[in-house]
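Biologist: Please go through the labels attached to this model with me. I would like each one set against its rule.

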Amino acid sequence: MTTEHLTHWIAGRPWTGTSERRGDVYDPATGKVTRQVDFADHTVVDQAVSAALEAFQDWRHTSVAKRTAVLFAFRELLNARRDELAALIVSEHGKVHSDALGEVARGLEVVEYACGIAQLSRGAFTEQASTGIDVYSIRQPLGPVAIISPFNFPAMVPMWFFPIAIAVGNTVVVKPSEKDPSAANFLAELWKEAGLPDGVFNVVHGDKPAVDRLLEHPDIKSVSFVGSTPIARYVYETGTRYGKRVQALGGAKNHMLVLPDADLDLAADAAVNAGFGAAGERCMAVSVLVAVDPVGDDLVDRIKQRIAGLTVGPGCAAGSEMGPLVTGVHRDKVTAYLDAGVTDGATLAVDGRSHPLTGAEADGFWLGPTLFDHVKPGMSVYDDEIFGPVLSIVRVGSYDEGLALINANPYGNGTALFTNDGGAARRFQHEVEVGMVGINVPIPVPVAYYSFGGWKSSLFGDAHAYGEDGVKFFTRGKAVTQRWLDPSHGGINLGFPTNS
């Protein structure tokens, strides 16, 4: 098999230099290296930032009408080629094709939202605030901005940020995960075809040295990050120390509370879907099901039945419902929790290591869906963000006990309640200390015109991703007070007015 070479995208074209360091990119379904990606040093990062800074001088002055036209063109290209992008994601991440298509679709929602930037970024106007004086507000772009994205959503997470950043007049440097870097270059090529000026969208690949240079570079005005909580904290603290605006979305331990009156078939389906989709490599995955007894035994039985019927195999295979984990190192880290959970006293109700594989090569990074029962706080399978196909069942005696458990957790990304009691649902959404709440919805990711983000150790900074928060994060407000003493007159032009 020929190993492909992937490099940076700077100023509208692939980088032509020679890299001293490269990383291997694997096909998780086979365990084989399929690509090598260049790693950026400080010099390469500086080249990308310089290209973004140069492009910003013109892009910030480009009319909203022209920017919107480019956004619409990008949207059409991305929609037409979504299958290609999904296949690329499958080849490097390992998720099944339908899940990759869903990722692209959710990213497209933000692109479509950004196409309305003329409405989203307009200011306010007060006539005659004082005698002969008008006051109005405007929002202006920041400059070059950095986006550092994780491996689990190589297309969707960058699209949480860059459509809005570009629409309001910023330029962008994306640093994707080195584990599945090709999606970012694919998107860069689409931007080029859509007519985006060179330098507005740049991609640098690499690891910590590239991240650190973006965090400290004086011309980078903001940083958007999604990843684990320890790294999110580091990005936030480092970026703000260098005077940057930072939004850093961290990890999660999402709980799903099931009350005795819930539809248990619906709850079991939801737990399996949300716990094992994308092999559990989602920051919004349900990793803890909190069962209010007496429904615990029944729920465990129903979930076990559903797990037994899941097809685990290559993401490119039509019948696969769950693919491999992203790397062998990560698979081994997740697998280690199975023995640790048993040692801590939890019951290993389903061992994913023995789940049958369909059409899979043995060298792939496989771990089947895993179920723990009788899990308690203090066990590593409960306390840690495992980021794999491991679902833990915690038994509680009441709604109040379940709510207290969720609120005591240091994470506050997403949560869900399953019930047929409207009063309990209303109480839960009011009392739970979590940023995104689902009522009979296991993965409550907001639509693009709301904003994504959690509470507590799941978010560092004040701004959530996309939606209204996204527009505000990528712009600065300015208030203008004006008085005109003499009217001005224009010339005569009978032609129909057009935007340009």
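The exchange below takes up helix packing, burial, cysteines and backbone angles.

Modeller: This is a predicted model, in which local features need pLDDT of at least 70 and side-chain atom pairs count only at pLDDT 80 or more, while totals for chains, interfaces and linings use all residues. Residues are numbered from 1 along each chain as its sequence is written, and side-chain values use heavy atoms, with hydrogens and water left out.

Biologist: Why are helix 10 and helix 11 called oblique to each other?

Modeller: Helix 10 (residues 264–276) and helix 11 (residues 296–308) pack at an angle of about 55°, with axes 9 Å apart. Angles under 35 degrees count as roughly parallel, over 145 as roughly antiparallel, 65 to 115 as roughly perpendicular, and the rest as oblique. Helix 10 and helix 11 are therefore oblique. Their crossing is right-handed. Helices are DSSP runs of H or I with at least four residues, strands are runs of E with at least two, and both are numbered from the N terminus.

Biologist: Which residues make that contact, and how do they divide into nonpolar, polar and charged?

Modeller: Contact means heavy atoms within 4.5 Å. Among the residues involved are Leu-264, Val-272 and Phe-276 of helix 10 and Leu-299, Ile-303 and Arg-306 of helix 11. The contact divides into nine nonpolar, no polar and five charged residues. Ala, Val, Leu, Ile, Met, Phe, Trp, Tyr, Cys and Pro count as nonpolar, Asp, Glu, Lys and Arg as charged, and the others, Gly among them, as polar.

Biologist: What makes helix 1 and helix 8 oblique?

Modeller: Helix 1 and helix 8 (residues 208–216) pack at an angle of about 45°, with axes 9 Å apart. Helix 1 and helix 8 are therefore oblique to each other. The crossing of helix 1 and helix 8 is right-handed. His-42, Val-45, Asp-46 and Val-49 in helix 1 meet Pro-209, Ala-210, Arg-213, Leu-214 and Glu-216 in helix 8. That contact divides into five nonpolar, one polar and three charged residues.

Biologist: How do you know whether Ala-51 is buried or exposed?

Modeller: Buried means under 20% relative accessible area, exposed over 50%, and partly exposed in between, with a 1.4 Å probe and protein chains only. Ala-51 has 12% relative accessibility, so Ala-51 counts as buried. Ala-51 is found in helix 1 (residues 42–59). Leaving aside neighbours within four places in sequence, Ala-51 is in contact with Ile-10, Ala-11, Gly-199 and Asn-202.

Biologist: Why does Gln-47 count as partly exposed?

Modeller: Gln-47 lies in helix 1. The relative accessibility of Gln-47 is 34%, so Gln-47 counts as partly exposed. Beyond neighbours within four places in sequence, Gln-47 is in contact with Ile-10 and Trp-15.

Biologist: How many disulfides are there?

Modeller: A disulfide is a pair of cysteine sulfur atoms within 2.5 Å. By this rule the count is zero. Cys-283 is buried, at a relative accessible area of 11%, whereas Cys-316 counts as exposed at 67%.

Biologist: What makes the backbone at Ala-279 and at Pro-294 worth listing?

Modeller: Most residues other than glycine have a negative phi, and most peptide bonds are trans. Phi of Ala-279 is near 55°, a positive value. Ala-279 lies in the loop between helix 10 and strand 14, and at 1% relative accessibility Ala-279 counts as buried. The peptide bond from Asp-293 to Pro-294 is cis, with omega near 25°.

How values were computed
Axes are lines fitted to C-alpha atoms, for helices over the stretch in contact, and angles run from 0 to 180 degrees between N-to-C directions. A crossing is left-handed if the near helix is turned anticlockwise from the far one by less than a right angle, and right-handed if clockwise.
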